[in-house]
Every structure is written in C-alpha cells, then in structure tokens.
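Biologist: I'd like to learn how to read a fold like this one. Could you walk me through it?

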Amino acid sequence: MNIELLKIEDYSKCNNIWNMKKQSKLAEQFLDELKSGNRVTYIYKDGDEFIGEISLVKEMNDSDYTIPNQRVYVSRLIVKKEYRRKGIGKKLVDFITDKAKELGYSELSIGVDLDNYPALKLYIDSGFDKVIFIGEDEQGKYVKLLKTI
C-alpha cells in the first residue's frame with residue numbers, strides 16, 4: 001500500500017472511495033479545484049485500488065481555514081468503509097502534515113462534524129488541538145480545528 005498524488009485523469013476512480021454521483025456538486029467542485037491548482041489530493045492505494053484520500057486546499061475565502069503562505073485547509077479525509085479503523089486515516093493525516101510543511105505552511109486547519117467522534121478523536125490525537133470556531137450549518141454542528149506544524 002502506498003500514498004501518491006492524484007492525477008486529474010484518475011479523478012473518477014475516487015468513486016471507489018465515495019459516491020461521486022450522489023455527491024455530484026461536490027465532485028464537480030473538487031475537480032474544478034484540482035484543475036485550478038487550489039486543491040492537491042493524495043490517494044492511499046492498494047495496488048490499483050483507491051482506498052482513501054486526503055486533500056490540501058490553499059484558498060477557502062475563510063481566514064479560519066486558510067491564510068496565504070501560513071495556513072492550509074485539510075479537506076476530504078475519507079477511507080473506504082471496509083478499510084476503516086486500520087490506521088489508514090492516521091497515516092493520511094501524518095502524510096498531509098509532512099506535505100504541508102514541505103510547501104512552507106506552519107498551520108493546518110480542518111472542519112469536522114461534532115457527531116463524527118472517530119474523526120474528532122483522530123484529529124485531536126494528531127495534534128489539531130486548538131478550537132477556532134464552533135458552529136452549525138445545513139449539515140449540523142461542526143468545529144473548526146487548528147494544528148501548528
């Protein structure tokens with residue numbers, strides 16, 4: 001198993017991880033961000049099978065999430081259901097932290113639903129230890145977390 005940069009021509013293979021047809025607006029948005037260079041996505045693979053993904057987003061038009069050359073947003077950490085609870089999420093978070101450092105960022109931000117306890121635990125255990133904001137949107141209550149790297 002390895003982690004590698006997602007090639008735009010392989011984007012449709014992410015459907016193996018999440019239902020891109022059901023979330024077509026999100027899939028289109030992510031593809032546009034990939035094409036523009038605002039989103040960089042890495043894939044956790046087992047052979048040719050896409051198992052998980054994680055992205056860095058450089059600009060979110062929200063200073064809680066992004067500050068040019070300082071803070072980058074961690075987006076779309078997702079692992080295929082049957083591979084969860086095997087440490088893949090932690091490997092992806094550690095990997096993306098190293099990538100953000102390489103790119104010159106000193107902070108990572110992330111948003112997570114408050115009822116997503118496994119994700120909250122993963123992020124807190126991975127050093128996202130500062131609460132920036134707690135709020136609610138159409139999908140429910142969430143928190144924005146920050147990690148200094």
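Modeller: Sure. Keep in mind that this is a predicted model. A handy place to start is burial, where a residue counts as buried at under 20% relative accessible area. Here buried residues make up 44% of the 149 residues.

Biologist: Which elements does the protein have, and in what pattern along the sequence?

Modeller: There are three helices and seven strands, and they run β-α-β-β-β-α-β-α-β-β along the sequence. The radius of gyration is 15 Å, close to the 15 Å that the globule rule gives for 149 residues, so the protein is as compact as a globular protein of that length. The C-alpha trace spans about 35 × 30 × 30 Å along its principal axes.

Biologist: What share of the contacts between residues at least 6 apart join residues at least 24 apart?

Modeller: That share is 57%.

Biologist: Now a single helix. Which residues of α3 are buried?

Modeller: In α3, residues 117-125, the buried ones are A119, L120, L122 and Y123. Looking down the helix axis, they fall within an arc of 165 degrees, so they line one face of α3.

Biologist: Which exposed residues sit on the face turned away from that buried side?

Modeller: Y117, K121 and D125.

Biologist: And what covers the buried residues of α3?

Modeller: The cover includes the strands β4 (71-79), β5 (107-113) and β7 (140-148), along with helix α2 (88-102).

Biologist: Where does G127 sit relative to α3, and what is its phi?

Modeller: G127 comes just after α3 and takes a positive phi of about 100 degrees.

How values were computed:
Residues are numbered from 1 along each chain as its sequence is written. This is a predicted model: local features need pLDDT of at least 70, side-chain atom pairs count only at pLDDT 80 or more; totals for chains, interfaces and linings use all residues. Side-chain values use heavy atoms; hydrogens and water are left out. Helices (H or I, at least four residues) and strands (E, at least two) are DSSP runs, numbered from the N terminus. The radius of gyration is taken over C-alpha atoms; the globule rule is 2.2 Å times the number of residues to the power 0.38. Buried means under 20% relative accessible area, exposed over 50%, partly exposed in between (1.4 Å probe, protein chains only). Contact means heavy atoms within 4.5 Å. The arc is that of the directions from the helix axis to the C-beta atoms.
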